[in-house]
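Work through the exercises below with the sequence and the model open. Each task is followed by a solution in steps.

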Amino acid sequence: MGTKALPIHSRPGRLVEPFQHPPPKLEMAPPDMRPWTMTPPSLSPLHMSAPNMRLPDFSPIQDHMPLPTLSASTFIPPQSFLTHHSGMAVSAVAFGAGDAELLCIGACQGELDEPGAGGSGQVVVYRAADVEREVRGDREVVAGPANDVRLKIRPSLQEMATIPTPAGVLSLQFSPHDPEVLAVTLTNGTVSLFRLPHHTYAPQSLSTHELAPNTPIHHLLFSPTNPQLAAAALASGSTLLLRVSRKFKLSTLSTLPGDGSPVHRLAFSVDGKRLYTATAGGTLTSYTTSDPQNPRTRWRDDTTHPRGITSLLPWPAPGAGDIGHKRRALLTGSADGTFRVLDMSLGNRPPLATQTLDLHGTIWRLAALPPLPASSELKALGAGVFCAAAHPDVELEREHVGVLASAGKGAARVLIHKQKFEEVFLPKRDGSDIVDWKTQDGVKMDAEGREKQYWWYDLADIEEHEGEEVWAGDAVAMIDYDPLFRDGGEQRLRRGWRLCSADRSGGVIFWQVYVE
């Protein structure tokens, strides 16, 4: 049922520039050398005290320019380069699906674990524009006849438009079939769709629908293969399968019953033939969607996460470069703080959990890191953000993939899916064991029929939210200048992700990690 369109305020706001960390200082203190002390000769044994040898006391370089690897670890978290306070409690973050400089942030004043508590909200549209800047201190330190000023890419953030909402925002979702279309779900049971033309940052209202009066809609998801199909997760415990018209009008096709607890997240399989629902009661259910008006339950499981499932993501993610090259899986996150990998390629019903990671806090969101371009494409693309949808002819990277987990008190985490360390195969010197063998799922094998094993690693944590609940996050692929290495006299390019994580106090933090 259509309702009145929401107002839109389009006016550029304050420009937020990235900050520079203080210049690095090397502080050294001489070692405190005290001689060995000896007691006078006596009947007792010789007593000796060890010298007080202290290593030179110095503070390492604390810069936002990470090393030319995946730029951090759980022991050395990356530093942010830009922080912003939105003024409202952030509930959703989404970079543009076809415009990587577009960023939308949704807010909800009410308590998100009890969305019915009410509260207004808003969607703020930002432009995160790439700007070439110098590596800190280069102009004064290394620039000269023999050394050019090194460059880096850091964005500026500018508010472009605001959409006030009568209720709190619970999710933001761009359509994979029309990347300019954004769906916004609210705590009052309303879904609003907007068009955000690329590079204009001026939202246009398309339609507004009250799908479930006074019932929060936790999540709306478009089918990756069927442009006329979407699904909505309701706090009442039901899931709606929706028809999406060419003019982006929504109508209900069927209702899927649940376990009575709120449905938190939804996930379509990559081929769009299955829909997975996850509830606060811990029930994970698989449905067939080939006939949306008559969906069938394939299996139901309530043992994966006893404390409830809060996040869900198919793997490989839709649009990723490793689809067809790795086993299919379903990634789940829970209020118990665990991240689990369910193997969907074995045919088990329900699927078996093959790996569990403890992320030490409720995992509210799992966002796939966008695909990176292959290293051979870097020179042609140049530095800046990269959007695979805008470059359909560019070869995508298969090995450097992962997710951003909004998890726990004050932390967002980068989880990387890499070949299992102890399973790395070393080819023979003559290359005679390199063959193109694959399993039925397309997973590569070596000459002895051994399948390459992939594992999830918690590789980098951002901990600057200072104990606030990190509720949302998203990422965009990018190509940046390498601050250390040159290639043919020019700065080498390296690939990575620009990440945005947000907490319930309104804090929004930007940081970058790299794979080279």
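Two strands count as paired if DSSP finds at least two bridges between them. The model used here is predicted.

**Exercise 1. Give the strand order and the pairing of the open sheet that contains S20, and name its edge strands.**

Step 1. Under that criterion, S20-S21-S22-S23 is the order of an open sheet of four strands, and the pairing is antiparallel.

Step 2. S20 and strand S23 (352–358) each pair on one side only, which makes them the edge strands.

Step 3. From one strand to the next, the twist averages 20 degrees.

Step 4. Inside the sheet, strand S21 (residues 329–334) runs antiparallel to S22 and is joined to S22 by five bridges. Leu331 has Val341 in S22 standing opposite.

**Exercise 2. Describe Thr338: which strand holds this residue, is the residue buried or exposed, and which residues does Thr338 contact?**

Step 1. Thr338 is placed in strand S22.

Step 2. The cut-off for buried is under 20% relative accessible area. Thr338 has a relative accessibility of 12%, so Thr338 counts as buried.

Step 3. Between the side chains of Thr338 and His305 there is a polar contact of 3.2 Å.

Step 4. His305 also appears among the contacts of Thr338 once neighbours within four places in sequence are left aside; the others are Thr332, Gly333, Thr356, Leu357 and Ile363.

**Exercise 3. Classify the ring pair Trp315 and Trp456, then find which residue joins these two in one aromatic cluster.**

Step 1. Two rings pair if their centres lie within 6.5 Å, and planes over 60 degrees apart count as edge-to-face. The count by this rule is four aromatic pairs.

Step 2. For Trp315 and Trp456 the centres are 4.9 Å apart and the planes stand at 65 degrees, so this pair is edge-to-face.

Step 3. The two residues come from distant parts of the chain, 141 residues apart: Trp315 belongs to strand S20 (residues 309–315) and Trp456 to strand S30 (residues 454–462).

Step 4. Trp315 is buried at 4% relative accessibility, and Trp456 is buried with a relative accessible area of 2%.

Step 5. Trp456 has a further ring partner, Phe339: with centres 5.6 Å apart and planes at 70 degrees, the pair is edge-to-face. Phe339 is in strand S22 (residues 338–343) and Trp456 in strand S30, so parts 117 residues apart in sequence are tied together by this pair. Phe339 is buried, as is Trp456.

Step 6. The residue asked for is Phe339: Trp315, Phe339 and Trp456 form one aromatic cluster.

**Exercise 4. Which ring does Arg154 lie over, and which ring does Arg494 lie over?**

Step 1. For a charge over a ring, CZ of Arg must be within 6 Å of the ring centre and within 35 degrees of the ring normal.

Step 2. Arg154 lies over the face of Phe81, 5.1 Å from the ring centre.

Step 3. Arg494 lies over the face of Tyr514, 3.7 Å from the ring centre.

**Exercise 5. Give the strand order of the open sheet that contains S16, and state which strands stand at its edges.**

Step 1. The order of this four-stranded open sheet is S16-S17-S18-S19, with antiparallel pairing.

Step 2. Strand S16 (263–268) and strand S19 (296–301) each have a single partner strand, so they stand at the edges, and one side of each has no neighbour in the sheet.

Step 3. Direction ignored, neighbouring strands of this sheet are turned by 20 degrees against each other on average.

Step 4. S16 and strand S17 (residues 274–279) run antiparallel and are joined by five bridges. Phe268 has Leu275 in S17 as its bridge partner.

Technical notes: Residues numbered from 1 in each chain as written. Predicted model: local features only at pLDDT ≥ 70, side-chain atom pairs only at ≥ 80, totals over all residues. Heavy atoms only, no water. Phe/Tyr/Trp six-rings, centres within 6.5 Å; stacked < 30°, edge-to-face > 60°. Buried < 20%, exposed > 50% of the residue type's maximum accessible area, 1.4 Å probe, protein only. Polar contact = N/O pair within 3.5 Å; in protein donor to acceptor, adjacent residues only side chain to side chain. Contact = heavy atoms within 4.5 Å. Axes fitted to C-alpha atoms, helices over the stretch in contact; angles between N-to-C directions.
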